[in-house]
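Here is a short set of exercises to work through with the model open beside you. Try each task before you read its solution.

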Amino acid sequence: MFRRLVEPERQSVRIVVDGRPIAAAPGDSVAAALLAAGVLTCRTTPVSGAPRAPYCMMGVCFECLVAIDGVGSRQACLTRVRDGMAIETQQGKREAGR
Amino acid sequence: MSDLASIKDQYDLAVIGAGPAGLAAATLGARFGLATVLFDEQPSPGGQIYRAITETPLRERSLLGEDYWKGAKLADDFARSGAHYAAGATVWSISQEREIGVSMAGRARLLAARHVILATGALERPFPIPGWTLPGVMTCGAAQILLKSSGVGLDGKVILAGTGPLLWLLAAQYRRAGVRIDAMLDTTPHRNWLAAMPHLPKFLQSIYAAKGRLLLHEVKASVKVVRGVTALAARGEGRLQEVAYRVGHRREIRLPADTLLLHQGVVPNVNLASAIGCVHHWDETQLCFVPEIDEWGRSSVAGVSIAGDGGGIAGAEAAAETGRLAALDAAWQLGKIDDFARDRHAGPYRAALAEARHGRRFLDVLYRPAAAFRRPGGDTLVCRCEEVTAQQVLDAVKGGATGPNQLKSFLRCGMGPCQGRLCGLTVTELIAKARNTAPGEVGYYRLRPPVKPITVAELASLPQSDAARKAVVRG
């Protein structure tokens with residue numbers, strides 16, 4: 001359960017995650033914004049369909065892959081949030097090659 | 001900040017990574033008149049140790065601690081250095097001729113550098129326990145990045161587990177931030193204390209001793225610490241619900257948990273250096289592969305130097321000094337300074353480096369992780385990407401796989417998007433144990449460019465040369 005220790009400044013960024021609007025802070029990575037908003041699982045694996053969540057937050061583990069603005073398998077921890085960004089969690093094999 | 005178009009075709013010096021080593025190297029390189037570019041994957045400078053140093057929402061200095069804020073001067077000096085800063089840039093290839101392939105915002109470029117300094121830092125050692133892929137489990141480093149860059153902490157039941165200074169630092173930072181930790185499960189083997197004792201006198205003279213003592217005291221006063229943990233598992237349906245542990249032969253204890261933060265030290269991030277062809281060797285104390293470098297950070301490949309933790313773990317203070325030494329040497333190699341100037345400038349950097357390295361051996365030996373947490377067995381996942389278990393790896397070795405590269409064809413182990421970063425050391429150590437040989441003999445995955453996955457669209461966005469066009473023209 002993640003929580004913000006510092007509330008984002010007035011001008012928060014709005015992103016959409018699987019159709020649901022979420023408030024993020026300007027310095028957030030997509031992965032940080034998802035976790036802070038309570039979205040714990042960002043994808044299921046192509047091999048067994050097991051749920052996965054951001055693990056390293058520094059670009060090495062590739063667990064935080066999501067679709068960002070229609071492009072699949074982007075590293076959420078290396079991508080900074082932008083107003084209006086559309087994020088989709090990825091479900092298994094079907095979307096790995098998107 | 002800059003975009004791909006503003007990057008020139010040729011630089012004197014290209015530095016990869018904006019942690020302490022990279023920032024210090026690029027700053028000094030530019031100061032000596034080298035046309036310098038610094039590529040970094042993150043959107044702002046600092047690397048992981050000084051992550052988000054220019055923009056962290058946690059402005060209360062005591063919270064992250066004064067060691068963190070040392071990064072502000074490095075970032076400040078760099079910003080004024082005149083070096084070109086390419087943030088959000090992923091370097092996916094460097095050839096032995098120092099042609100660099102880099103992507104920014106989904107587009108790719110090739111450029112040339114007369115000298116390259118790799119400052120790709122460290123990553124956390126794999127911590128393969130049952131259930132380490134469950135949502136709710138992440139590394140201490142990851143949790144600390146959330147804290148530094150977004151001011152995000154934790155609620156609910158929080159458990160820290162593992163060994164090493166970062167475990168204690170994070171616990172202290174959480175305490176100051178008002179984040180409650182339910183338990184800290186210390187996996188440091190008891191016998192490490194004995195092994196580390198001969199190195200204690202030097203440690204006590206070091207810059208780390210007083211800080212370490214304060215940190216331990218601060219954490220022990222506020223967190224329940226369980227010493228001598230010998231087995232650890234994360235369990236839950238679809239997400240973490242419980243952490244189970246054992247101390248020696250005592251019965252298993254289960255704790256309800258929402259978050260488990262794992263850490264057992266850091267190891268050099270060798271992917272880029274390996275893919276270039278730099279020679280590495282096994283370090284039996286630090287239990288990882290380390291590139292072979294000389295006192296200036298020169299690797300086995302001409303024109304490629306390695307600075308910071310990527311050249312062997314020694315911490316942030318040492319990283320900045322090795323960055324400066326590598327930059328000095330680059331300026332000398334490229335004719336900007338003579339022998340006399342190089343050696344005169346190097347003096348204070350070498351003295352500071354010696355001070356920063358003094359006493360590190362004690363930490364290396366004390367926090368050397370136990371075999372049980374480096375070489376898992378049974379159904380525990382080794383390769384997270386391709387979901388390969390320890391037993392599958394051992395069976396493949398029995399079936400004739402002699403090294404990590406054969407495992408790729410046997411099991412696809414190490415062939416997922418992380419390219420072995422989260423399983424490479426585990427696989428090497430498992431094979432070495434099974435074959436009763438040394439990890440250095442077994443070796444590591446053969447790494448090839450691109451060292452980060454790139455899309456065909458990115459490749460297609462590369463400007464075409466005449467040679468490339470002719471290569472596909474018929475007749």
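How many helices and strands does chain B have? Chain B has 20 helices and 22 strands. Keep in mind throughout that this is a predicted model.

**Exercise 1. Describe the overall build of chain B.**

Step 1: start with the extent. Along the principal axes, the C-alpha atoms of chain B occupy a box of roughly 70 × 55 × 40 Å.

Step 2: compare with the globule rule. The radius of gyration of chain B is 23 Å, close to the 23 Å that the rule gives for 475 residues, so chain B is as compact as a globular protein of that length.

Step 3: look inside. Of the 475 residues of chain B, 52% count as buried. Among contacts in chain B with a separation of 6 or more, 70% come from residues 24 or more positions apart.

**Exercise 2. Divide chain B into domains and examine the contact between domain 2 and domain 3.**

Step 1: take the bounds. The domain assignment gives domain 1 as 4-123 + 267-337, domain 2 as 126-264 and domain 3 as 375-442.

Step 2: find the separation. The centres of domain 2 and domain 3 of chain B, taken over C-alpha atoms, are 26 Å apart.

Step 3: count the contact residues. Domain 2 of chain B supplies five residues and domain 3 of chain B supplies nine residues. On the domain 2 side there are four nonpolar residues, one polar residue and no charged residues.

**Exercise 3. Work out what surrounds strand E16 of chain B.**

Step 1: test for burial, using the cut-off of 20 or more other C-beta atoms within 10 Å. Six of the six residues of E16(B), residues 259-264, are buried, so this strand is largely enclosed by the rest of the structure.

Step 2: sort the side chains by direction. In a regular strand, side chains alternate between the two faces of the sheet. Here Thr259(B), Leu261(B) and His263(B) point one way, Leu260(B), Leu262(B) and Gln264(B) point the other way, and all are buried.

Step 3: find the pairing partners. E8(B) pairs with E16(B) in the parallel sense over three bridges, and strand E10 (residues 158-163) of chain B pairs with E16(B) in the parallel sense over six bridges. Leu262(B) stands opposite Thr139(B) and also opposite Ala161(B).

**Exercise 4. Locate the largest nonpolar core and its best-connected members.**

Step 1: identify the members. The largest nonpolar core has 174 residues, of which Ala25(B) and Ile117(B) touch the most other members. Helix H11 (residues 316-333) of chain B gives the largest share of this core, ten residues.

Step 2: follow Ile117(B). Leaving aside neighbours within four places in sequence, the contacts of Ile117(B) include Leu13(B), Val15(B), Ala25(B) and Ser305(B). Ala326(B), Ala327(B) and Ala330(B) are also among the contacts of Ile117(B).

Step 3: look for a separate core. Another core, of six residues, lies apart from the largest one and includes Tyr208(B), Phe362(B), Val365(B) and Tyr367(B).

**Exercise 5. Analyse the hairpin of E13 and E14 in chain B.**

Step 1: establish the pairing. Strand E13 (residues 229-235) and strand E14 (residues 242-247) of chain B are antiparallel and pair over six bridges. Within this pairing, Ala233(B) stands opposite Ala244(B).

Step 2: inspect the turn. The hairpin has six residues between its strands, and Gly236(B) takes a positive phi near 160°.

**Exercise 6. Characterise the contact between chain A and chain B.**

Step 1: count residues. Chain B gives 38 residues to the contact and chain A gives 33 residues.

Step 2: find the contributing elements. On the chain B side, strand E7 (122-124), strand E8 (137-139), helix H5 (140-150) and strand E9 (152-154) give two or more residues. H5(B) gives the most, with six residues.

Step 3: sort the chain B side by class. The side of chain B that touches chain A has 17 nonpolar, twelve polar and nine charged residues.

Step 4: check for pairing across the chains. Strand E1 (residues 2-4) of chain A is joined to E9(B) by three bridges, in an antiparallel arrangement. Arg4(A) has Val152(B) as its bridge partner in E9(B).

Note on methods
Residues numbered from 1 in each chain as written. Chains lettered and ligands numbered in written order. Predicted model: local features only at pLDDT ≥ 70, side-chain atom pairs only at ≥ 80, totals over all residues. Domains from an automatic or database assignment. Contact = placed C-beta atoms within 7 Å. Nonpolar A, V, L, I, M, F, W, Y, C, P; charged D, E, K, R; others polar. Helix = DSSP H or I, 4+ residues; strand = E, 2+ residues; numbered from the N terminus. Pairing = 2+ DSSP bridges. Core = buried A, V, L, I, M, F, W, Y, C linked by C-beta atoms within 7 Å. Buried ≥ 20, exposed ≤ 12 C-beta atoms within 10 Å, placed from the backbone. Rg over C-alpha atoms; globule rule 2.2 N^0.38 Å.
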